[in-house]
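Open the model in your viewer and keep the selection panel at hand. This tour says what to pick next and what is there.

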Amino acid sequence: GGLDARTMPGQRVLVHGRRDLPGLVIEPPRQARPPEADEGVTPIDQLLVDVGLPPRRVSQLVRPGDLVSFAQSPLELGDDLLAGHSLDNRASLAALTICLQELQRRAHIWDVWAVATVQEEETLVGALTSAFSLRPALAIAVDVTFGRSSGLAEHESFPLGKGPTNGWGPNIHPGIYERIRQTAEREEIPLAMEVLPTQSGTDAMALQIAAEGIPTGLVSIPLRYMHTPVEVVSLKDVRRTGRLLAALISGLEADFPQRITWDE
């Protein structure tokens, strides 16, 4: 969901048919486009994928609805940045992996479920069904947020390499927010407050209302060029996020859910 059509033409992709087929996203020739698509950016539904095979062979290997994914290799930028496709939300999964590795060395009272959800961009169904099935006592959504780049104002973006953000808004339980803030301060992990005046646009929206309702927090990793094949994150921010989550979990008291209120 949310792909920017401006970035699509010329991209290398994999078509996941009966076997994976390498392909290229191409714009049809101007004379082959409908009049309404003749000017400006070509809409995604007017783009084509060329896999270099005859039509009959393509019909044998590819069915309507088969998935297509970006196929570029990741690229290291400078000393700390990683560029690539699907870092939203692969960066979050990397942070969760670091968290679980840290928890092997940290004592913690709580049982922990780390879930990689599907369809966050379309219906939030992965978070809804996972939370409904697991019924956690509390939940932390891990996502990305807008990294600072040319053209973005400071109040709506966050610098890369300066730590994750702590979401604050209607999807967030104040007690969870405050414990995340306190943990970052204790562990000397830089953490920015991210004000979310409406819905957060993350799985936190689904976690908050699943089943009887779940106290929810949101930690996000700054990411540049969101929803493009060249998303950029700071590896330092990913590691810090994993450490923050592990420290948060290991510091939770057994009665923490009973102790938090809307004011604490």
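Start with the whole chain, coloured by relative accessibility. Of the 264 residues in the protein, 42% are buried. Keep in mind that this is a predicted model.

**The whole protein**

Switch to a cartoon. The secondary structure comes to seven helices and eleven strands. Align the view to the principal axes: the C-alpha trace spans about 65 × 40 × 35 Å along them.

Now turn on a contact map. Take the contacts with a separation of 6 or more: 75% of them join residues 24 or more positions apart.

Next, show the surface. About 14800 Å² is exposed, and carbon and sulfur atoms supply 54% of that area. Then colour by charge. There are 24 positive and 34 negative charges, and their mean positions are 7 Å apart.

**The second largest pocket**

Select Val144, Thr145, Phe146, Glu194 and Ser200. These residues lie nearest the centre of the second largest pocket, among 22 that line it. Three elements each give two or more residues to this lining: β7 (139-146), β9 (192-195) and β10 (216-224). Which of them gives the largest share to the lining? It is β7, with four residues. The space in this pocket is about 430 Å³.

**Ala139, in strand β7**

Stay on β7 and select Ala139, which belongs to this strand. Is Ala139 buried or exposed? Its relative accessible area is 8%, under the 20% cut-off, so Ala139 counts as buried.

Show what surrounds it. Beyond four places in sequence, Ala139 touches Leu207, Ile214, Pro215, Thr216 and Gly217. Add Gln208 and draw a C-alpha to C-alpha distance from Ala139. The two are 69 residues apart in sequence and 8.2 Å apart in space.

**The cavity**

Now look for enclosed space. How many cavities of 30 Å³ or more does the structure hold? There is one. The largest cavity holds about 40 Å³ of space.

Select its lining: Leu138, Ile140, Ile176, Arg179, Ile180, Leu248, Leu252 and Phe256. Then highlight helix α4 (residues 174-187). This helix gives the most to the lining of the largest cavity, with three residues.

**Leu81, in strand β6**

Move to strand β6 (residues 81-84) and pick Leu81. Label Val233 as well. Leu81 and Val233 are 152 residues apart in sequence, yet their C-alpha atoms are 5.6 Å apart in space.

Expand the selection by contact. Setting aside residues up to four places away in sequence, Leu81 touches Leu75, Glu76, Leu160, Arg224, Val232, Val233 and Ser234.

**Leu48, in strand β3**

Next comes strand β3 (residues 48-50), where Leu48 is found. Leu48 has 45% relative accessibility. That value falls between the 20% and 50% cut-offs, so Leu48 counts as partly exposed.

Which residues is Leu48 in contact with, leaving aside neighbours within four places in sequence? They are Leu24, Val25, Ile26 and Pro28. Draw the C-alpha distance from Leu48 to Leu24: 8.2 Å, across 24 residues along the chain.

**Backbone stops**

Turn on the backbone atoms for the last three stops.

Select Asp88 and Asn89. The peptide bond from Asp88 to Asn89 is cis, with omega near 15 degrees. Asn89 is found in helix α2 (residues 87-103).

Go on to Leu124, in the loop between α2 and α3 (125-134). Leu124 is not a glycine, but its phi is positive, about 60 degrees. Buried or exposed, which is Leu124? Its relative accessibility is 14%, under the 20% cut-off, so Leu124 counts as buried.

End on Arg135, in the loop between α3 and β7. Arg135 also has a positive phi, about 50 degrees, although it is not a glycine. Its relative accessible area is 39%, between the 20% and 50% cut-offs, so Arg135 counts as partly exposed.

Key: Residues are numbered from 1 along each chain as its sequence is written. This is a predicted model: local features need pLDDT of at least 70, side-chain atom pairs count only at pLDDT 80 or more; totals for chains, interfaces and linings use all residues. Side-chain values use heavy atoms; hydrogens and water are left out. Buried means under 20% relative accessible area, exposed over 50%, partly exposed in between (1.4 Å probe, protein chains only). Contact means heavy atoms within 4.5 Å. Accessible areas come from the Shrake-Rupley method with a 1.4 Å probe; for residues, only the protein chains shown count as cover. Lys and Arg count as positive and Asp and Glu as negative; His and the chain ends are not counted. The place of a charge is taken as NZ of Lys, CZ of Arg, CG of Asp or CD of Glu. On a 1 Å grid over the protein atoms alone, a cavity is a set of points where a 1.4 Å probe fits but cannot get out, and a pocket is an open set with protein on both sides within 12 Å along at least five of seven lines; lining residues have an atom within 4 Å of a point. Grid points are joined across faces, edges and corners, and a volume is the space filled by probe spheres set on the points.
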